Amino acid sequence: MSVKIRLQRHGKKQRPFYWVVAADARSKRDGKYLEKIGTYNPNTNPATIELNIDSAVKWLHNGAQPTDTARAILSYKGALLKHHLDGGIRKGALTQEQADAKLSAWLDAKAGKVDAKKEGLTKAQADARAKSLKAEQEVNAKRLAAAAQAEADAIAAATPAVEEEVAEVEESTEEAPAAEENNETTEA
């Protein structure tokens with residue numbers, strides 16, 4: 001029986017979630033499997049991968065062949081490196097302590113890269129949020145200034161009309177007493 005390390009799809013439509021499994025090559029994609037090795041969630045950034053490295057290495061030692069995507073996941077988590085180092089231990093090129101030191105150094109470097117990417121994404125998101133807030137504040141300030149200007153223009157437009165009406169009322173009141181005086185002088 002040939003064994004494959006492959007992905008088994010789960011999750012909703014348009015929201016995939018995968019199990020990394022060791023399965024018989026003849027079984028269906030989502031069918032029977034021999035052992036669940038881990039999970040893979042591509043919906044997050046960076047993708048979330050949980051993998052039992054020891055179990056994956058055990059299956060690799062037994063001759064399981066990973067698919068392309070599974071190989072990338074195993075490489076990302078260090079299972080292929082551990083399998084390679086175990087081969088060096090069996091041949092006598094390395095000791096177990098040397099192999100463990102190399103693996104832990106590689107895992108630390110990889111964790112540093114992943115953390116740097118997460119921090120970069122968080123910083124970029126915060127910068128974008130701050131930029132959009134600043135742009136929104138500028139638009140609000142312009143809108144308030146335009147509203148204040150429109151209100152001032154409306155008041156200014158209404159003020160001359162009121163002044164003209166007041167001036168007309170004053171002129172008519174000035175003409176009326178003058179006309180009354182003329183009427184009084186002609187009667188006398």
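Aspartate 127 is partly exposed, at 42% relative accessibility. Its salt-bridge partner is lysine 123, with N and O 3.5 Å apart. Lysine 123 reaches 54% relative accessibility and counts as exposed, because the cut-off for exposed is over 50%. Both residues belong to helix H4, which spans residues 96–187. They sit four residues apart, about one turn of the helix. These values come from a predicted model.

The structure holds five salt bridges. Another of them joins glutamate 35 to lysine 58. Their closest N and O atoms lie 3.4 Å apart. Glutamate 35 is in strand S3 (residues 35–41) and lysine 58 is in helix H1 (residues 53–61), so this pair ties together parts that are 23 residues apart in sequence. Glutamate 35 is partly exposed, at 22% relative accessibility. Lysine 58 is also partly exposed. Its relative accessible area is 41%.

Helix H1 takes part in a further salt bridge, through aspartate 54. The partner of aspartate 54 is lysine 82, and the closest N and O atoms are 2.7 Å apart. Lysine 82 lies in helix H3 (residues 79–91), so the bridge ties together parts that are 28 residues apart in sequence. Lysine 82 has a relative accessible area of 21% and is partly exposed. That value falls in the partly exposed class because buried means under 20%.

Aromatic contacts were examined next. A pair of aromatic rings is described by the distance of the centres and the angle of the planes. The count comes to two aromatic pairs. Tyrosine 18 and tyrosine 40 form a stacked pair. Their centres are 5.9 Å apart, with 20° between the planes. The pair counts as stacked because the planes are under 30 degrees apart. Tyrosine 18 lies in strand S2 (residues 15–24) and tyrosine 40 in strand S3, so the contact ties together parts that are 22 residues apart in sequence. Tyrosine 40 is buried, with a relative accessible area of 17%.

Tryptophan 19 and tyrosine 33 make an edge-to-face pair. Here the centres are 6.0 Å apart and the planes meet at 85°. Tryptophan 19 is in strand S2, while tyrosine 33 is in the loop between S2 and S3. The two residues are 14 apart, and the pair links distant parts of the chain. Both rings belong to partly exposed residues: tryptophan 19 at 22% relative accessibility, and tyrosine 33 with a relative accessible area of 35%.

Tryptophan 19 has a further contact, with a charge. The charged end of lysine 36 sits over the ring of tryptophan 19, 4.1 Å from the ring centre.

Key: Residues numbered from 1 in each chain as written. Predicted model: local features only at pLDDT ≥ 70, side-chain atom pairs only at ≥ 80, totals over all residues. Heavy atoms only, no water. Salt bridge = Lys/Arg side-chain N within 4 Å of Asp/Glu carboxyl O. Buried < 20%, exposed > 50% of the residue type's maximum accessible area, 1.4 Å probe, protein only. Phe/Tyr/Trp six-rings, centres within 6.5 Å; stacked < 30°, edge-to-face > 60°. Lys NZ or Arg CZ within 6 Å of the ring centre and 35° of its normal.
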